[in-house]
Amino acid sequence: MGQGFGARMEGVGRSAEQATTRGAAVGATAAVIPLFGLVPSLSASDSPLTTVLVAAFALALFAVFQVTISWSYHSAQLDDRFRLALLVPLAALSVTLPLWLGKDWTILLTYLAATCAVAVPPRMTLPALATSVSLAAFVAEHVDGADTTSLVVMTAAVGLSMTTYRRILDLNAELRHTRRELARAAVTQERLRFARDMHDTLGHDLLQLTLRVEVTRRLYRAGRTDVEAELQQIEDMGRQCLERVREAVTGYRRLSLPAVIEEARPTLADAGVSVTVHLTKDPLPQDVETALSWVVREALTNVVRHARATHCRVTVSAEDDRAALEVLDDGKGPARRPLSGPGGNGLTGLTERVTALGGSLRTSAAPGGGFRLLAAVPLRGSTASRGPRIDPVTEGTT
């Protein structure tokens, strides 16, 4: 799903860029078409045929250079050095043709100013524009009948307009790039969320199923008659696991601390672990309670898998605008145990959940033996609304 979404977004981005490139090439070509009206006027002035042909050829070169520069800028296929190389003969034609053929050809200088806006790097745009205006003033001074003020003002106005247009194009390109990056980030975030939820949900539920199957096997070997009831519990667990997978897929999985602890009690009891729970009387924001619920679920699963403990304690408090969670066991297992697997994926997922809310998570050996997990999440600034009130459990043991 994520790969398909990312591919579609990249395809849309490429299509938009190709459409922009084609539009720029068509627009630049259409813009130079009026210039060819200068050739008939030149032939009407009784100029020699050689002059007309040379002027037409030079004008064609001018049009090719301008369209190529515009296309290379919008397509990003050619670098700035190539555009600067084309700008040199374009500037030479813009100056030479008006000096040779008269004031009608001074319009080429406005085209030069417009082209400079996209031909040079952004830091050189204003110097290039100033150079175009200077060339316009120079040509107007040396061409009979040319209005220096009008030509300079027109050249400057066209250059500034194209500079603004280029800035808009650059910002649009940055926006498209940012949107693609945001789409990729959203896909990555969704993959991480889904992987984290699947790991935390299935790891806990499959452990419960495994323990229940072991209990059923022992009952069967002992010839007990209540095997069918155990099989019914396994079936119910399997359906519950499927429902949680659906919730993880849709992204609507919300947990509460009391519910998570109550779900874990049978598994802890089957493993011979008693649990004491102390929960805060104050209601917690929904996002904070959900994050801490995932931590409790994974921590209790860790106790069953690795601790070889007989008792554990879960404490949740809310003081000084922070919610604090402590899970402490008296296990004889390793002082530092991976949470759910050799790679410690459970601990990684829990750390991501907690740090996303500005909190922290630490694990260490407990004084006198055992294992301690500490998580703290700030309450202030939470965007989620306060969840339902959590009824305290002062000395509930199993």
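Colleague: How many salt bridges does the count come to?

Modeller: The general idea is that side chains of opposite charge can pair when their charged atoms come close. In this structure, which is a predicted model, the count comes to six salt bridges. The rule behind that count asks for a side-chain nitrogen of Lys or Arg within 4 Å of a carboxyl oxygen of Asp or Glu.

Colleague: Which side chain meets that of R184 in a salt bridge?

Modeller: R184 pairs with E181, at 2.7 Å from N to O. Both residues belong to helix α7, which covers residues 148–221, and they stand three residues apart, about one turn of the helix.

Colleague: Is R184 buried or exposed?

Modeller: Neither word fits, because the range between 20% and 50% relative accessible area is called partly exposed. R184 has a relative accessibility of 32% and therefore counts as partly exposed. Its partner E181 is also placed in that class, with a relative accessible area of 35%.

Colleague: With which residue does E262 form a salt bridge?

Modeller: The partner of E262 is R265, and their closest N and O atoms are 3.0 Å apart. The two are separated by about one helical turn because they are three residues apart in helix α9. E262 is partly exposed at 47% relative accessible area, whereas R265 is buried at 11%.

Colleague: With which residue does R297 form a salt bridge?

Modeller: R297 pairs with E263, and the closest N and O atoms of this pair are 2.8 Å apart. R297 lies in helix α10 and E263 in helix α9, so this salt bridge ties together parts that are 34 residues apart in sequence. R297 is buried, at 1% relative accessibility, while E263 is partly exposed, at 25%.

Colleague: Which residues are linked with R313 in a network of salt bridges?

Modeller: The network links R313 with E326 and R372.

Colleague: I should now like to read the packing of two helices. At what angle do the axes of helix α9 and helix α10 cross?

Modeller: One fits an axis to each helix and compares the directions, and an angle under 35 degrees counts as roughly parallel. Helix α9 spans residues 257–270 and helix α10 spans residues 286–307; their axes cross at roughly 10° and come within 9 Å. The two helices are therefore roughly parallel to each other. On the α9 side the contact includes L257, P258, V260, I261 and E263, and on the α10 side L292, V296, R297 and V304 are among the residues involved. By class, this contact has eleven nonpolar, two polar and three charged residues.

Colleague: Where is the place of T267?

Modeller: T267 is in helix α9, and it belongs to the contact of α9 with α10. With a relative accessible area of 6%, T267 is buried. Apart from its neighbours within four places in sequence, T267 is in contact with Q208, L211 and V304.

Colleague: Let us turn to the sheet. What order do the five strands of the open sheet have?

Modeller: Strands of a sheet pair through backbone hydrogen bonds, either parallel or antiparallel. Here the order is β1-β2-β3-β5-β4, and the pairing is mixed. The edges are held by β1 (274–278) and β4 (360–365); each has a single partner strand, so one side of each is left without a neighbour in the sheet. From one strand to the next, the twist averages 10°.

Colleague: How many bridges join β4 to strand β5?

Modeller: Six bridges join them, and β4 and β5 (residues 371–378) run antiparallel. As one position to inspect, S364 stands opposite R372 in β5.

Colleague: Which strands does α9 lie across?

Modeller: Helix α9 lies across β1 and β2 (311–319), and its direction makes about 170° with β1. Helix α10 also packs on the sheet, where it touches β2, β3 (322–329), β4 and β5; its direction is at about 10° to that of β3.

Colleague: How many helices and strands does the protein have?

Modeller: The protein has eleven helices and five strands. Of its 398 residues, 42% count as buried. Among contacts between residues at least 6 apart in sequence, 73% join residues at least 24 apart.

Colleague: In which helix is V67 found?

Modeller: V67 is found in helix α3, residues 49–75, and V67 is buried, with a relative accessible area of 19%. V67 and T115 are 48 residues apart in sequence, and their C-alpha atoms are 9.1 Å apart in space.

Note on methods
Residues numbered from 1 in each chain as written. Predicted model: local features only at pLDDT ≥ 70, side-chain atom pairs only at ≥ 80, totals over all residues. Heavy atoms only, no water. Axes fitted to C-alpha atoms, helices over the stretch in contact; angles between N-to-C directions. Helix = DSSP H or I, 4+ residues; strand = E, 2+ residues; numbered from the N terminus. Parallel < 35°, antiparallel > 145°, perpendicular 65-115°, else oblique. Contact = heavy atoms within 4.5 Å. Nonpolar A, V, L, I, M, F, W, Y, C, P; charged D, E, K, R; others polar. Pairing = 2+ DSSP bridges. Buried < 20%, exposed > 50% of the residue type's maximum accessible area, 1.4 Å probe, protein only.
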